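Please examine the fold that is shown here. The questions concern its sheets, its nonpolar cores and its largest pocket.

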Amino acid sequence: MLEKLPASVGRALRRVRPGLGRLVCHREVVSSAQPVIEVTSSAFVDHESIPVRYTADGEGISPPLRWAKVPDSTRSLALIVEDADSPTPAPLVHAIAWWPVPGIAALTEGALTLAGPHPTLGTNSFLRVGWLPPDPPPGHGPHRYAFQIFALDHDPELGAQPGRRALIGALRGHTIARGLLIGQYER
């Protein structure tokens with residue numbers, strides 16, 4: 001969608017970015033939780049480029065994710081993927097998902113869609129359910145996509161297809177651990 005935007009517009013908006021400090025994992029409601037969960041992907045290394053396959057320029061499917069060191073007392077997990085460098089006041093949400101913990105320590109490639117087995121999915125910033133592939137404006141510079149996992153001490157009732165605000169409400173006072181993986185993409 002944004003690939004057709006002139007690079008001059010992207011360059012003009014280069015300074016318009018919410019930044020890493022506006023991510024959910026840095027909000028006061030979860031910042032007291034220890035960053036002990038290790039989040040990795042077989043598709044990219046932390047702070048390195050996300051392969052085109054997982055972006056709007058490729059197949060646009062969600063990348064595989066794995067996590068480890070989840071506390072034993074965890075009752076459920078939540079995931080939010082945000083673009084810390086979108087030309088918007090708040091980070092752009094690319095995916096929201098949550099599920100009960102037993103036996104789940106990974107998401108397969110493409111799991112953040114409504115097709116096939118998946119966790120419960122929320123609404124991204126384009127008001128669609130599931131994965132919104134990285135699609136930064138040309139000329140805007142590198143974008144950092146934050147894959148954030150939260151361990152909760154309860155199983156939240158988020159309702160049908162919640163957004164960022166509902167997820168933050170569920171995390172408040174119930175987050176016992178968190179993890180972060182950052183991938184980058186630039187046009």
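The questions and answers below treat the sheets, the cores and the pocket in turn.

This is a predicted model, in which local features need pLDDT of at least 70, side-chain atom pairs count only at pLDDT 80 or more, and totals for chains, interfaces and linings use all residues. Residues are numbered from 1 along each chain as its sequence is written, and side-chain values use heavy atoms, with hydrogens and water left out.

Q: In which order do the six strands of the open sheet with mixed pairing stand?
A: Strands (E, at least two residues) and helices (H or I, at least four) are DSSP runs numbered from the N terminus, and two strands pair if DSSP finds at least two bridges between them. Strand S2 (48-49) and strand S7 (120-121) are the edge strands, each pairing on one side only. S4 and S8 run antiparallel and are joined by eight bridges. The order is S2-S9-S8-S4-S5-S7.

Q: Which residue of S8 is the bridge partner of Asp83?
A: Eight bridges join S4 to S8. The bridge partner of Asp83 in S8 is Tyr145.

Q: Why is one side of strand S1 (38-40) and of strand S6 (106-107) left without a neighbour in the sheet?
A: Three strands form this open, antiparallel sheet, in the order S1-S3-S6. S1 and S6 stand at its edges, so one side of each is left without a neighbour, because each has a single partner strand.

Q: Which strand gives the most residues to the largest nonpolar core?
A: A nonpolar core is a set of buried Ala, Val, Leu, Ile, Met, Phe, Trp, Tyr and Cys residues joined through side-chain atoms within 4.5 Å, where buried means under 20% relative accessible area with a 1.4 Å probe, protein chains only. The largest core has 26 residues, and Trp67 and Phe147 are among those with the most contacts inside it. The elements giving two or more residues to it are S3, S4, S5, S8 and S9. The most, four residues, come from S8.

Q: How many Å³ of space lie in the largest pocket?
A: On a 1 Å grid over the protein atoms alone, a pocket is an open set of points where a 1.4 Å probe fits, with protein on both sides within 12 Å along at least five of seven lines; lining residues have an atom within 4 Å of a point. Its volume is the space filled by probe spheres set on the points. The space in the largest pocket is about 240 Å³.

Q: Which elements give two or more residues to the lining of the largest pocket?
A: The lining has 21 residues, and those closest to the pocket centre include His94 and Asp135. The elements that give two or more residues to this lining are S5 and S8.

Notes
Buried means under 20% relative accessible area, exposed over 50%, partly exposed in between (1.4 Å probe, protein chains only).
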